[in-house]
Amino acid sequence: MTQPVADRPQRRIHAILATLAPLLLTAVTAFVLTGTADAAPGAGPAAPVAQAARPAAAALGDGWLHTSGSAVVDASGAPVQIKAVNWFGLETSNCAPHGLWQIGLDAGMAQIASWGFNTVRLPWSNQCLAAPATGVDAVKNPTLQHRTGQQVMDAVVASARAHGLKVLLDRHRPETSAQSELWYTAAVPEQRWIADWVTLARRYAADPTVIGADLHNEPHGAACWGCGDPARDWAAAATRAGNAVLAANRNLLVLVEGVERSLDGRTTWWGGSLVDAATHPVRLSVPGRLVYSPHDYPASVYAQPWFSAADYPANLTGVWDRNWGYLQKTGTAPVLLGEFGTKLETTSDRQWLTALVRYLGTTGAGWAYWDYNPNSGDTGGLLADDWVTPQTAKLQALAPLLGRTVPTTPAPTPAPSNPAPSGPAPSNPAPSGRAASGPASSSPAPSGSTSSTGTSVPAPGPSGTPGAVTAAWTLQSSWNAGYVAQLVVRPARGSVGGWTVSWADPDATGVVNAWGMTCRVGGGRVSCTGADWARTIAAGASVTVGLQVADHGTGPARPELRVG
């Protein structure tokens with residue numbers, strides 16, 4: 001997830017019928033992921049897992065996809081629509097999809113398929129391919145222990161295949177700390193960017209579960225389209241990388257995102273402008289493989305000028321037509337809207353989503369909702385913070401695209417479980433600045449993970465006894481309007497049925513999002529109370545929780561924590 005205000009992996013979803021629970025349990029227990037812990041990073045993917053019954057409405061078929069005009073078509077030439085959801089985490093310091101500390105990988109895939117999605121867009125970072133995966137519960141995901149990010153990716157692909165889902169691989173970041181304006185950095189030069197893509201293309205060349213390569217997430221800032229500067233021209237770089245990918249696997253779709261600023265100087269979302277593709281199209285060596293993939297977000301993510309226009313929301317069709325929709329409408333090439341999402345808490349956001357769902361349905365463009373995860377700061381996800389309960393209102397809004405009625409009866413909430421994580425759990429990317437970076441923009445620029453830690457000081461309890469827990473506070477990312485922090489909380493002794501933690505931050509103005517606790521700002525402090533799955537902690541166990549804070553500064557680096 002990356003959005004127009006910095007890297008934003010945050011959005012939520014709906015409730016499934018209680019009668020589906022036994023079926024889900026059956027589906028979850030039907031599969032066993034394979035692969036060896038000592039497999040070399042360059043080795044082939046794990047062997048296929050057993051196939052599950054596939055939801056008919058979700059299936060894209062068993063073969064490869066290609067394009068014809070502005071349509072994506074299956075092996076028989078029949079038009080299909082990619083209906084995807086993003087599941088982020090493999091681009092973060094965890095190097096694994098988030099939530100695997102709370103749910104099983106197969107359980108997540110089964111839930112996604114049950115809602116009518118047919119594809120998962122999987123963000124990844126170059127750094128994670130060889131790095132160890134962390135934050136994966138050993139009980140719920142026993143076969144994913146001691147794996148690299150690459151091996152976890154293999155498991156995701158295998159699980160998707162077993163549930164009738166396809167996978168779009170999204171190179172979301174070069175390193176886990178932050179997104180990059182351009183497709184290369186000092187740590188990950190263009191040669192490595194292309195080489196890693198070629199490795200992945202070869203790795204999955206015999207598996208049509210992996211249908212496409214989204215070459216680089218949200219080019220912005222200095223990135224240009226067709227300007228002719230080899231250091232900044234994203235269209236030229238995408239052509240080079242796309243052709244290298246197709247030389248390794250000519251069956252893959254190549255997804256090319258837009259830029260932030262078009263050649264005429266106008267700006268939009270990061271990766272959102274494909275205006276100049278009309279005069280500077282990407283031309284790949286294999287025909288029928290190119291898909292353009294912009295991103296779009298609502299006013300709650302960033303107040304773009306069109307949201308305050310007198311004719312809003314009627315003006316949105318014109319905005320989308322100009323930036324990218326014309327490619328789909330004129331038959332030039334298919335468009336897949338690679339990210340869009342909202343917390344759905346304002347009238348403006350509801351108007352935006354209603355209009356966008358109608359636009360996508362009318363044009364037949366593919367799409368990938370941001371996102372499955374609940375811990376995306378600016379949008380939330382399709383799940384509540386327990387990683388189980390669907391966000392019904394969002395699924396109802398997407399129902400016209402998913403082609404099925406959304407159940408209104410929530411699934412029973414599972415009893416809280418707090419197994420000790422096998423490594424650091426949620427690392428919630430901070431807003432990445434998805435909006436324009438020109439003079440009219442005030443979108444924050446993240447500083448990346450700082451790995452600063454706070455000290456834990458017990459607060460006297462009602463009877464003067466020390467606090468019931470200890471806590472370790474880590475500043476994961478910060479920018480000029482806020483920060484994201486992670487806390488690992490452990491009982492000081494025995495088990496606890498509730499806990500609190502607070503720290504001084506006189507510049508804090510509010511809490512944007514929190515997971516595993518409820519938080520408030522007051523009296524110059526941020527105060528949090530354990531909630532939901534993280535409220536009760538067993539003896540010897542721990543919970544990893546976090547929050548995103550709106551702040552006049554960048555947040556405290558090493559705060560003293562008051563726990564109770």
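This report walks through the cores, one helix, some strands and the disulfides of a predicted model.

**The cores and helix α5**

Let's start inside. The largest nonpolar core takes in 105 residues, and L215 and Y292 are the ones with the most contacts within it. Helix α5, residues 234–248, gives this core its largest share, at 9 residues. There is also a second, separate core of 28 residues, with Y483, V489, V526 and C528 among its members.

Y292 deserves a look of its own. Setting aside neighbours within four places in sequence, Y292 touches a long list of residues, including W225, V256, L274, A277 and P281. Further along the chain, the contacts of Y292 include L327, A333, P334, V335 and L336.

Back to α5. This helix has 15 residues and spans 21 Å from its first C-alpha to its last, close to the 21 Å expected at 1.5 Å a residue. Of those 15 residues, 11 are buried, so α5 is largely enclosed by the rest of the structure. The buried set includes W234, T239, G242, V245 and L246, along with several alanines such as A235, A241 and A248. What do these buried residues pack against? Their partners are helix α4 (190–203) and the strands β8 (210–214) and β9 (253–256). At the N-terminal end, D233 acts as the cap of α5, with a side-chain oxygen 3.2 Å from the backbone nitrogen of A235.

**Strands and a hairpin**

Now for some sheet. One open sheet has 3 strands in the order β2-β3-β4, paired antiparallel. The edges are β2 (66–68) and β4 (79–80); each has a single partner strand, so one side of each is left without a neighbour in the sheet. Between β3 (residues 71–73) and β4 there are 2 bridges, in the antiparallel sense, and V73 has P79 of β4 as its bridge partner.

Strand β20 (residues 525–530) runs antiparallel to β17 (residues 500–504), and 5 bridges join the two. β20 also pairs with β19 (residues 517–522), again in the antiparallel sense, over 6 bridges. R525 in β20 is a handy landmark here: A504 stands opposite R525, and G522 stands opposite R525 too. The hairpin of β19 and β20 has 2 residues between the strands, and G523 there takes a positive phi near 60°.

**Disulfides**

How many disulfides does a search of the whole structure find? It turns up 3. Here they are with their sulfur-to-sulfur distances:

| Disulfide | S to S distance |
|---|---|
| C95 and C128 | 2.1 Å |
| C224 and C227 | 1.8 Å |
| C519 and C528 | 2.2 Å |

If you number the bonded cysteines in sequence order, the pairing reads 1-2, 3-4, 5-6.

The link of C95 and C128 is left-handed, at -80° about the S-S bond. This pair ties together distant parts of the chain, 33 residues apart: C95 sits in the loop between β5 (83–86) and α2 (105–114), while C128 sits in the loop between β6 (119–125) and α3 (149–162). C95 is buried, with a relative accessible area of 2%, and C128 is buried at 0%.

For the pair of C224 and C227, the two ends fall into separate classes. C224 is buried, with a relative accessible area of 6%, whereas C227 is partly exposed at 30%.

Handedness comes up again with C519 and C528. The torsion about their S-S bond is about 115°, so this disulfide is right-handed. C528 is buried, with a relative accessible area of 2%, and C528 also belongs to the second core mentioned above.

**Two single residues**

Last, a pair of spots to click on. A472 lies in strand β15 (residues 469–479). Is A472 buried or partly exposed? Its relative accessibility is 34%, so A472 counts as partly exposed. Leaving out neighbours within four places in sequence, A472 is in contact with Q486, L487, V488 and L561. T544 is 72 residues from A472 in sequence, yet their C-alpha atoms are 9.5 Å apart in space.

S376 is found in the loop between β12 (366–369) and β13 (380–381). S376 is buried, with a relative accessible area of 0%. The side chain of S376 makes a polar contact with the side chain of T379, at 3.3 Å.

Note on methods. Residues numbered from 1 in each chain as written. Predicted model: local features only at pLDDT ≥ 70, side-chain atom pairs only at ≥ 80, totals over all residues. Heavy atoms only, no water. Core = buried A, V, L, I, M, F, W, Y, C linked by side-chain atoms within 4.5 Å. Buried < 20%, exposed > 50% of the residue type's maximum accessible area, 1.4 Å probe, protein only. Helix = DSSP H or I, 4+ residues; strand = E, 2+ residues; numbered from the N terminus. Contact = heavy atoms within 4.5 Å. Polar contact = N/O pair within 3.5 Å; in protein donor to acceptor, adjacent residues only side chain to side chain. Expected span 1.5 Å × (residues − 1). Pairing = 2+ DSSP bridges. Disulfide = S-S within 2.5 Å.
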